[in-house]
Amino acid sequence: MIRPKQPKPSEREQREAYDLATLRDFDVCVRCRRDCGPTARDHRINRSQGGLTVVSNLQVMGLECHKWATEHPAEAIREGWAAPSYATASEWPARRWFRGEYGVMTLGWVLLDDAGNVLEITSDEAELRMKGGN
């Protein structure tokens, strides 16, 4: 699953992507849902590895969780908090917390798009996508 070349977004498009990702994630850390430090917009595929500043490649993370993901890249990819450099961010599963019955939070798998939408997928589909079988 090699990512096709995409044109780099303009400065305005990048600002809009940061804003939309912040709104989508309610400016709360997507990993722990707690106050683990000041929040920042994290690139799921690092910019240094060719990741673009588009909504599907951004997520809100607190400082501690962002530091963890940076220090443990393989684990962050396996757990859905990052994506590998060869992937397409919109096709690589991400993790998100969902409020279920009686308000209980459960961790699930999603696909993110560049319009700020979140599509819940099954763990089986996430596993298949992560193994290269869209």
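**Figure 1. Surroundings of H43 in the predicted model.** H43 is buried, with a relative accessible area of 7%. This residue of the predicted model is found in strand β1. The side chain of H43 makes a polar contact with the side chain of T53, at 2.8 Å. Apart from neighbours within four places in sequence, the residues in contact with H43 are Y18, L52, T53, N57 and L58. T53 is thus named twice in this view, as a contact of H43 and as its polar partner through the side chain.

**Figure 2. Surroundings of R41 in strand β1.** Strand β1 covers residues 39-43, and R41 lies in this strand. R41 counts as partly exposed because its relative accessibility is 23%, whereas H43 is buried at 7%. When neighbours within four places in sequence are set aside, R41 is in contact with Y18, T22, D27, L58, Q59 and V60. Y18 and L58 appear in this list, and both are also among the contacts of H43.

**Figure 3. Side-chain polar contacts of R41.** Two residues are shown as polar partners of the R41 side chain. With the side chain of D27, the R41 side chain makes a polar contact of 2.9 Å. With the side chain of T22, the R41 side chain makes a polar contact of 3.4 Å.

**Figure 4. R41 and L58 across the sequence.** R41 and L58 are 17 residues apart along the chain, and their C-alpha atoms are separated by 6.1 Å. R41 lies in strand β1, while strand β2 spans residues 58-62. L58 is in contact with R41 and also with H43.

**Figure 5. Cysteines C32 and C36.** A search of the whole structure finds 0 disulfides. The closest cysteine sulfur to that of C32 belongs to C36, and the two are not bonded because their separation of 3.6 Å is too far for a bond; the cut-off is 2.5 Å. C32 counts as buried, at 14% relative accessibility.

**Figure 6. Cysteines C65 and C29.** The 0 disulfides found in the whole structure leave C65 in no disulfide, with the nearest cysteine sulfur, that of C29, 3.6 Å away. C65 counts as buried because its relative accessibility is 5%.

**Figure 7. Confidence along the chain.** The chain has a mean pLDDT of 93, and 95% of its residues reach 70 or more. Confidence is highest in strand β2, residues 58-62, at 98, and lowest in strand β3, residues 94-99, at a mean of 94. Where pLDDT is low, predicted coordinates should not be read in detail.

Terms used:
Residues are numbered from 1 along each chain as its sequence is written. This is a predicted model: local features need pLDDT of at least 70, side-chain atom pairs count only at pLDDT 80 or more; totals for chains, interfaces and linings use all residues. Side-chain values use heavy atoms; hydrogens and water are left out. Helices (H or I, at least four residues) and strands (E, at least two) are DSSP runs, numbered from the N terminus. Buried means under 20% relative accessible area, exposed over 50%, partly exposed in between (1.4 Å probe, protein chains only). Contact means heavy atoms within 4.5 Å. A polar contact is a pair of N or O atoms within 3.5 Å; within protein, one must be able to donate a hydrogen and the other to accept it, and residues adjacent in sequence count only if both atoms are side-chain atoms. pLDDT is the predictor's confidence in each residue, from 0 to 100.
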